[in-house]
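User: I'm new to reading protein models and would like a guided walk through one. Could you show me how to read a feature, one at a time?

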Amino acid sequence: MTTLVTTFLEEIRKINVLGVGYFVVTLLTIYVTQWIYRWRNPKCNGVLPPGSMGFPLIGETLQLILPSHSLDLPPFLKNRIKRYGQIFKTNVAGRPVIISANPEFNSFILRQDGKLVETWSLDTFAEVFEQNTHSSRKYTRHLTLNHFGVEAIKEKLLPQMEEFIKSTLSSWSNHESLEVKSAAIKETVDFAAKQIFSGDLDNAPFNISYMFRDLVEGLMSFPINLPGTSHHKCLQIHKKVRETMRDVLTKRLSSSAEKREEEDLVDHLLRDMDSQKFLTEDYIVQMMFGLLFVTSDSISTTLALCFKLLAEHTDVLEELIAEHDSILKNKENLDDPLTWNDYKSMTFTLQVINEVLRLGNIAPGLFRRTLKDIPVNGYTIPAGWVIMIATAALHLNSDQFEDPLSFNPWRWKEIQPSCAAKNFMPFGSGMKQCAGAEYSRVFLATFLHVLVTKYRWTMVKGGTIIRAPIIRFPDGFHFKISQKNQ
């Protein structure tokens, strides 16, 4: 009898345990199902644009960073625009995003800064470059224009650029083969460093230009800060370069009584520290780092593409040479430096630069975060969501640019300014356009002037292009550069 009772009680306990187990599994299943449903169907006071939120937690990040071996629009964008239209929803690294390739909507959003949207950066960019207050961003823009804007270029930078580029190309011509992208990063960093902190980086504890090159690799990575990940490496590089910038600032502070012949950007910052309370040493270090980065990566990438595209299109190169030979012929003395009027006369050169920037699509896009719900084409973009203006989709839109993958600088003769304003944004748009946009164009134009009038070049190896989604050259662009009179 006792045995039967014990067996019966054991069976009851088993049933209870199984019941509890089934109940827990059921609850988990319901919870996970509801969580996945909420992930795929975010809250919205209206109807969200079409699209997919991808997998839980990671969204469509993997599809976004999947490399493509072409200057063409990345498959991630091309396939979704074809399926969903020019405005669609997605999720990147756990963050809901609206991607827009619609010129009218993009133009509207860019006019709404501080009203319906605010400037925003991807998580990795935000960690590396740090988000600042409106007043500090306004100050930074003014300071950058003061030292890198049109007046600074006219008064002092243009002749300095020309002499620096002449020395650079002379040095490059001594090599049997040179990887142009890496070499250009070093030169653009060195030149910018002279303007920012009168800097000589030869004594730095490591090659800063290589650090900036590797930094780009991690900027579009999944934001997981674990050893071995691209994101972790990116943050470590950021830390090392900042330490070098801090050493530069510390030395400057210790020798603040010394006067330089010409005030550099750090002098300007230190002079303003009393009147601008946000100007801490940390802020100045970050600004030094940020300016070195933005003045180096876009210019070096564009230069590398210029070498490749001009070598492949001899008709473009011939017209470019003719324009710059004409500039030299109009000078009383061939050794006279370039003037601002010379630069403004480089009509075809600026068309070439525009075309390289259009095809290169160096930046993945422009980002804004919504402050309020925004209606668009019968849909609603919720407050707090990120809007990515897909500049690559604008630059390669066949409705605006005939045969968009062809390298055709002459197309810019026919493009109206109103069309370009909505469909061509290599440096941003409107009041939010990069403060160094004109600096970059002048540097590129001056480089091309010296290059095509004094040198010839042939590709030795490399030339592979990858987008993931930032443009990269995995095996480099290796060229032999030689003087024309040799």
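User: Let's start with contacts: which residues does T453 touch, leaving out those up to four places away in sequence?

Analyst: This is a predicted model, so keep that in mind throughout. A contact here means heavy atoms within 4.5 Å. By that reading, T453 touches H324, D325, L328 and K484, once residues up to four places away in sequence are set aside. T453 itself is found in helix α19. The C-alpha atoms of T453 and A322 are separated by 9.0 Å, although their positions lie 131 residues apart along the chain.

User: Is T453 buried or exposed?

Analyst: The cut-off for buried is under 20% relative accessible area. T453 has 16% relative accessibility, so it counts as buried.

User: What about F197, which residues does that one touch?

Analyst: Leaving out residues up to four places away in sequence, F197 touches M245, V248, R252, D264, V266, M288 and L292. F197 lies in helix α8, which covers residues 180–197. With a relative accessible area of 5%, F197 is buried. Take M245 from that list: F197 and M245 are 48 residues apart in sequence, yet 9.4 Å apart in space, C-alpha to C-alpha.

User: And where is T301, and what does it touch?

Analyst: T301 has its place in helix α13, residues 297–312. Its relative accessibility is 1%, so T301 counts as buried. Not counting residues up to four places away in sequence, T301 touches K181, I362, I471 and F473.

User: Let's zoom out. How many helices and strands does the chain have?

Analyst: The chain has 19 helices and 12 strands. Of its 486 residues, 50% count as buried. You can also look at how far apart contacting residues are in sequence: among contacts between residues at least 6 apart, 72% join residues at least 24 apart.

User: How do I read two helices that pack together?

Analyst: Two packed helices are described by the angle between their axes and the distance between the axes. Here, helix α14 (residues 314–329) packs with helix α16 (residues 347–360) at an angle of about 140°, and their axes are 8 Å apart. That makes α14 and α16 oblique to each other.

User: Which residues make that contact?

Analyst: On the α14 side you have V316, E319, L320, E323 and H324, and on the α16 side T347, F348, T349 and V352. Sorted by class, the contact of α14 with α16 has four nonpolar, three polar and two charged residues.

User: Now for aromatic rings. How do I describe a pair?

Analyst: A pair of aromatic rings is described by the distance of the centres and the angle of the planes. A search of the whole structure finds 17 aromatic pairs. One of them joins F105 and F108: the ring centres are 6.5 Å apart and the planes are at 35°, so the pair is tilted.

User: Where do F105 and F108 lie?

Analyst: Both lie in helix α4 (residues 103–110), three residues apart, which is about one turn of the helix. F105 is buried, with a relative accessible area of 7%, whereas F108 counts as partly exposed at 27% relative accessibility.

User: What about the rings of Y439 and F443?

Analyst: Their centres are 6.3 Å apart and their planes are at 40°, so this pair is tilted. Y439 and F443 both lie in helix α19 (residues 437–454), four residues apart, about one turn of the helix. Both residues are buried. They also belong to one aromatic cluster, formed by F148, F164, F191, Y439 and F443.

User: Which residue lies over the face of F401?

Analyst: That is R358, at 5.1 Å from the ring centre of F401.

User: One last feature: what is the phi of N377?

Analyst: Phi of N377 is near 50°, a positive value in a residue other than glycine. N377 is found in the loop between β6 (374–376) and β7 (379–381), and it is exposed, with a relative accessible area of 62%. D403 has a positive phi too, about 45°, although it is not a glycine. Look for D403 in the loop between α17 (391–395) and α18 (417–423).

Notes
Residues are numbered from 1 along each chain as its sequence is written. This is a predicted model: local features need pLDDT of at least 70, side-chain atom pairs count only at pLDDT 80 or more; totals for chains, interfaces and linings use all residues. Side-chain values use heavy atoms; hydrogens and water are left out. Rings of Phe, Tyr and Trp (its six-membered ring) pair if their centres lie within 6.5 Å; planes under 30 degrees apart count as stacked, over 60 as edge-to-face and the rest as tilted. Helices (H or I, at least four residues) and strands (E, at least two) are DSSP runs, numbered from the N terminus. Buried means under 20% relative accessible area, exposed over 50%, partly exposed in between (1.4 Å probe, protein chains only). A charge sits over a ring if NZ of Lys or CZ of Arg is within 6 Å of the ring centre and within 35 degrees of the ring normal. Axes are lines fitted to C-alpha atoms, for helices over the stretch in contact, and angles run from 0 to 180 degrees between N-to-C directions. Angles under 35 degrees count as roughly parallel, over 145 as roughly antiparallel, 65 to 115 as roughly perpendicular and the rest as oblique. Ala, Val, Leu, Ile, Met, Phe, Trp, Tyr, Cys and Pro count as nonpolar, Asp, Glu, Lys and Arg as charged, and the others, Gly among them, as polar.
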